[in-house]
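Hi everyone, thanks for coming. Have the structure open on your screen while I talk, and stop me whenever something is unclear.

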Amino acid sequence: MAVAARYINRELVLVLVSVTAVLLTVTIGGRFISYLQDAALGKYAADSIFQILYFRLPGFLQLLLPFAWSLALLLTLGRLHAESEFVVLRGGGVGPARLLRWLLLPALVVAGVVGYFSLILAPDSDRRLTKFLDEQAANAEFSLVTPGVFHIYYRGQRVTYADAISTAGDSLEGVFLAEMRSNTAPVTVRAETGGQRVDDASGTRYLVLTDGHRYVGEAGGLDYQVVSFGRLQQRLEEGRRQREPGIETVATPALIERGDLEALAELHFRLALPLVVLIGGLVAVGVARTKPRDGRFARLVPGLGLFVAYYAAIVFNRNAISDGQLPAAFGMWFVHGAFLVVGVMLLRNSNKPASV
């Protein structure tokens, strides 16, 4: 029987790795396209996309792995049932209890990995990502200028253009700047070079322009002004504060110390993810048995439907706890208990003789 246990676990791990790779590729591919569009709009530098994806990876995996584990169980056990391999194992005395013992070690490993991601690594990565995006946003109008491309800021109120960027990357060449605000006259600036200066006290950033002209008003109007300058400082934005980090960036020990509803809801959600691996896996084992003449994918839809319902219930409870509609002590335990009962019932039914 040890040979059979190794055979099932090897098949299961191979399917798990394949499913996780496919899901991760699809997820990262979709996010990559979105980030690429943002980079094209000047939200952040194009070479920072892979850094952003790196920070997002633990958050992706903490959600994908429980789903991939349940899907791998459905596919692996469904194939064993469909190809009558389980009939041979059952004839050798392999029942649900022994099968669960065989699957316990990989289940605990996957649950441990998910727990590490959800409780430790993902919050730290989200916190670092928030800081990184704040730094990107703070430098967006100067550092992320692409030569030969018009960049629009403040909902179309400011347009920036540069012919080129110096070899050192610390100044712009052939700078064009236009401001079109509803309560002031249009302002257009053309300068030979431009650089950035940050006021240490206020955090206000200035675009320092040299050797150019400043045009104020409508061309041909009586109030049209043209000013030549050797050096001009143009404020890029008001001194800004960094965005308040979301609850997902708070470390798990800090959530316990806070103790408010939002923190408790997030804590229960992080604890729920590794439990989803174990309980969702139990449900998948109970669902995976196919009837005679059914294909290997016959139980895939019911199994995935139960997993989606499980995850949706957890998300609903998290929102309910955060909004004060559900007692924090109640947490996710009713959901886990309900699906544990469902898994046990399905497992008992799977041990009954199959009907044709």
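I'll go through salt bridges and then the nonpolar cores. Keep in mind that this is a predicted model.

Okay, charges to begin with. How many salt bridges does the structure hold? There are eight, and I'll pick out a few of them.

Go to helix H4, residues 96-138. Arg-127 pairs up with Asp-124 there, and their closest N and O atoms are 2.9 Å apart. Where do these two sit relative to each other along the helix? They're three residues apart, so about one helical turn separates them. Both are partly exposed: Arg-127 has a relative accessible area of 36%, and Asp-124 has 25%.

Now swing over to helix H7, which runs over residues 261-287. Here Glu-266 and Arg-270 form a salt bridge, at 3.1 Å from N to O. They're four residues apart, again about one turn of the helix. Are these two buried or exposed? Glu-266 is buried, at 9% relative accessibility, and Arg-270 is buried too, at 2%. The cut-off for buried is under 20%, so both count.

Glu-266 has another partner, by the way. Arg-318 forms a salt bridge with Glu-266, with the closest N and O atoms 3.9 Å apart. This pair links distant parts of the chain: Arg-318 is in helix H8, residues 300-322, while Glu-266 is in H7, and they're 52 residues apart. Arg-318 itself is partly exposed, at 23%.

There's also a little network to find: Asp-124, Arg-127 and Arg-128 are joined by salt bridges that share partners.

Right, on to the greasy side. In soluble globular proteins, nonpolar side chains tend to be buried together. In this model, the largest nonpolar core has 48 residues. Which residues have the most contacts inside that core? They are Trp-69, Leu-73 and Ile-314. The elements that give two or more residues to the core are H1, H2, H4, H7, H8 and H9. H2 gives the most, with 13 residues.

Click on Trp-69 and look at what surrounds its side of the core. Leaving out residues up to four places away in sequence, Trp-69 touches eight listed neighbours, among them Leu-12, Leu-103, Val-110 and Val-277.

Finally, there's a second, separate core of 12 residues, including Val-175, Leu-177, Val-189 and Leu-209.

That's my tour. Any questions?

Definitions and conventions:
Residues numbered from 1 in each chain as written. Predicted model: local features only at pLDDT ≥ 70, side-chain atom pairs only at ≥ 80, totals over all residues. Heavy atoms only, no water. Salt bridge = Lys/Arg side-chain N within 4 Å of Asp/Glu carboxyl O. Buried < 20%, exposed > 50% of the residue type's maximum accessible area, 1.4 Å probe, protein only. Core = buried A, V, L, I, M, F, W, Y, C linked by side-chain atoms within 4.5 Å. Contact = heavy atoms within 4.5 Å.
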